Amino acid sequence: MLTIDIDIARRFILGKQGLWPGRRWRGITGAEQAMRAMEYLQLDPLQIIARSHDITLHSRVLDYTPGIWENAAYEQRKFFDWGGWLAARPMDELPHWRVVMGRERDGAPDCDPRVRTMGRDHAAAINEIRTILHERGILSNRDFEMATRTRTQSYRGRKDSSLALYYLWRTGEVMTHHRENFERVYALTKAVAPAHLIRESSDAEADRFLIKKEVSFSGLSRPNRTSDAFQRGVPFSKAKQIREAMLADGEIITVQIEGWQATHYALGSDAGLLHDLSAGRVPPAWSPLETTTAEEAVFLAPLDPVSARGRAKVLFGFDYVWEVYKPESKRRFGYYTLPILWGDRLVARFDSKLDRTTNTFVILGLWLEDQVLGADEAFAEALARGFTRFVAFLGARKLDAKAIREPLLRRRVCSSY
C-alpha cells in the first residue's frame with residue numbers, strides 16, 4: 001500500500017484531471033485528449049456565461065472555444081453521449097456501455113428501474129417511434145407536436161414521443177446523431193457508431209472496465225461507495241469480489257492518505273505518477289505548454305469533477321455549492337459562482353454574467369478564502385492573466401470588474417484587458 005499526504009493527493013487528482021500544473025493540451029486535438037484523460041465530460045444545457053462542459057475544457061485546453069467538443073463527438077464520431085448521468089464518453093468504449101444499456105433495458109438489479117418501467121408503460125409509442133426512425137433516418141423531440149401526442153408526467157418529458165426516444169437512447173437502439181441548440185437529434189445506432197463497436201463485451205469485461213473507469217475518473221476512489229453514479233450496472237453484490245481480483249492482478253492499488261480514515265484505490269498504472277509526486281517531481285507527461293496554475297489562475301466549471309458535489313471541501317477545505325438551483329434568498333455567493341484554482345489550491349470564487357447587449361463580461365462579486373491574497377502581487381498577476389484568457393474564451397469585448405473590492409486585484413484585472 002502506498003501512503004501519501006494530502007498535498008500529494010490533491011496534486012495527483014488535479015493532475016489526473018489535467019488541471020495541474022497547467023494546461024497541457026491545445027485546440028481540437030487537445031480537447032479530444034483532455035476528454036479521454038478526464039474519463040467523462042459531464043454535459044449540462046444551462047448557459048449563463050458558457051456551458052459547464054465548455055468551461056471544463058477551457059480550464060484544461062489552450063485555444064479552446066465553446067462547442068469544440070461537439071466536433072470530436074458528432075463529426076469525428078470519437079465520443080458519444082449517454083446516461084442518466086449525462087456525459088460524453090470515448091466511442092471505443094461503446095461495447096462495454098452496451099452491456100450496461102442492456103442491463104437497464106432488462107431491469108437488472110442495481111440499474112435504474114425507471115428505464116424498464118418506461119419501456120413497459122410506453123411500448124406502443126416506442127414501437128411507433130422505432131418505425132418512424134427507420135423511415136426518416138433522424139428524429140428529434142421537436143418533430144412531434146404536443147397536440148398530436150399523449151401527454152405524460154415523466155421526469156424525462158411531457159409527451160410519449162419524448163419518452164420513446166429517450167428509452168431507445170438509454171437502451172442503445174439509437175444514439176445522438178448531432179445536437180441543435182443542445183437538443184439531441186437521434187439516429188439508429190448503426191448510422192452513428194462504427195460497425196465493429198456495435199457489440200457487447202462480456203459481463204466480466206464490462207464490470208472490470210466500469211470499476212477501472214470510476215477509479216481513474218476519481219483519481220483516488222473510495223472502496224465503500226454505496227451509490228452508482230459512474231459505474232452504473234456493476235452489481236453491488238459482485239463489486240467487492242471484482243475489486244479484490246483486480247487488486248490481485250495489479251490493475252488497481254490501495255493508497256492511504258495521511259489524516260484520512262478510509263483507504264482509497266488508484267490505478268496500478270498510476271503508481272509511477274504517485275512516486276514522482278512523492279519525490280517532488282512533476283511527471284513529464286504533465287508539463288504545461290504555457291503558464292502554470294501558479295502563474296495564471298484557472299477557473300473551474302460548476303460541474304468540474306475535482307470540485308463538484310462536495311469534493312472541493314474534502315480536497316481543499318473549500319466549501320463549494322453550485323447555487324444556481326437555490327432560491328435567491330438562500331444563496332451565499334451568487335447564481336453562477338466559479339471556484340478559482342491558484343497553484344494547487346482553491347483560493348477564491350467569483351460570480352459573473354455576460355451582458356450580451358454590450359458584449360461585456362461583468363464580474364458581480366469576488367470572494368477570497370484568505371483576505372491576505374487581496375494584497376498579494378503574485379496572485380493579482382495570476383488572477384489578471386486568468387480573466388484575460390477567460391474573457392477571450394467567452395468572446396466578450398469588454399470587462400467590468402468594478403465589483404472586485406480589493407484595490408490591487410481590481411486594478412490588475414482592469415489594466416490587463
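Arg-77 counts as buried because its relative accessibility is 17%; buried means under 20% relative accessible area, exposed over 50%, and partly exposed in between, with a 1.4 Å probe and protein chains only. Arg-77 sits in the loop between α4 and β5. Helices (H or I, at least four residues) and strands (E, at least two) are DSSP runs, numbered from the N terminus.

This is a predicted model, in which local features need pLDDT of at least 70, side-chain atom pairs count only at pLDDT 80 or more, and totals for chains, interfaces and linings use all residues. Residues are numbered from 1 along each chain as its sequence is written, and side-chain values use heavy atoms, with hydrogens and water left out.

**Confidence**

pLDDT is the predictor's confidence in each residue, from 0 to 100. The protein has a mean pLDDT of 94, and 97% of its residues reach 70 or more. Over residues 226–231, pLDDT stays under 50. The model has 16 contacts for that stretch beyond four places in sequence; contact means heavy atoms within 4.5 Å. Where pLDDT is low, the predicted coordinates should not be read in detail.

**Backbone geometry**

Most residues other than glycine have a negative phi, and most peptide bonds are trans. The table lists positive phi values.

| Residue | Phi | Place |
|---|---|---|
| Asp-63 | about 60° | loop between β4 (61–62) and α4 (68–75) |
| Arg-77 | about 60° | loop between α4 and β5 |
| Gly-107 | about 70° | just after α5 |
| Gly-219 | about 85° | just after α9 |

A cis peptide bond joins Trp-20 and Pro-21, with omega about 0°. Pro-21 is in the loop between α1 (6–16) and β2 (25–26).

**Two helices**

Helix α5 covers residues 94–106. Its end C-alpha atoms are 18 Å apart, which agrees with the 18 Å that 13 residues should span at 1.5 Å a residue. The expected span is 1.5 Å times one less than the number of residues. Eleven of the 13 residues of α5 are buried, including Trp-97, Arg-98 and Glu-104. Among the elements that cover them are β5 (79–82), β6 (87–90), α8 (160–170) and α9.

Helix α9 (residues 203–218) has 16 residues. From first C-alpha to last it reaches 23 Å, close to the expected 22 Å. Its buried residues include Asp-207, Phe-209, Lys-213 and Phe-217.

**Two buried sites**

Thr-152 is in strand β8 (residues 151–154). It counts as buried because its relative accessibility is 10%. Leaving out residues up to four places away in sequence, Thr-152 touches His-122, Gly-157, Arg-158, Lys-159, Asp-160 and Leu-163. Thr-152 and Lys-78 are 74 residues apart in sequence and 34 Å apart in space, C-alpha to C-alpha.

Ser-307 lies in the loop between β14 (298–299) and α12 (311–316). At 0% relative accessibility, Ser-307 is buried too. Beyond four places in sequence, its contacts include Leu-300, Tyr-320 and Pro-339.

**Cavities**

The whole structure holds three cavities of 30 Å³ or more. The largest cavity has a volume of about 80 Å³. Of its 13 lining residues, the closest to its centre are Tyr-40, Gln-42, Leu-303, Asp-304 and Pro-305. A cavity is a set of points, on a 1 Å grid over the protein atoms alone, where a 1.4 Å probe fits but cannot get out; lining residues have an atom within 4 Å of a point. Points are joined across faces, edges and corners, and a volume is the space filled by probe spheres set on them. Helix α3 gives the largest share of this lining, three residues.

Notes. 1 Å grid on protein atoms, 1.4 Å probe; cavity = no way out; pocket = protein on both sides within 12 Å on 5 of 7 lines; lining within 4 Å.
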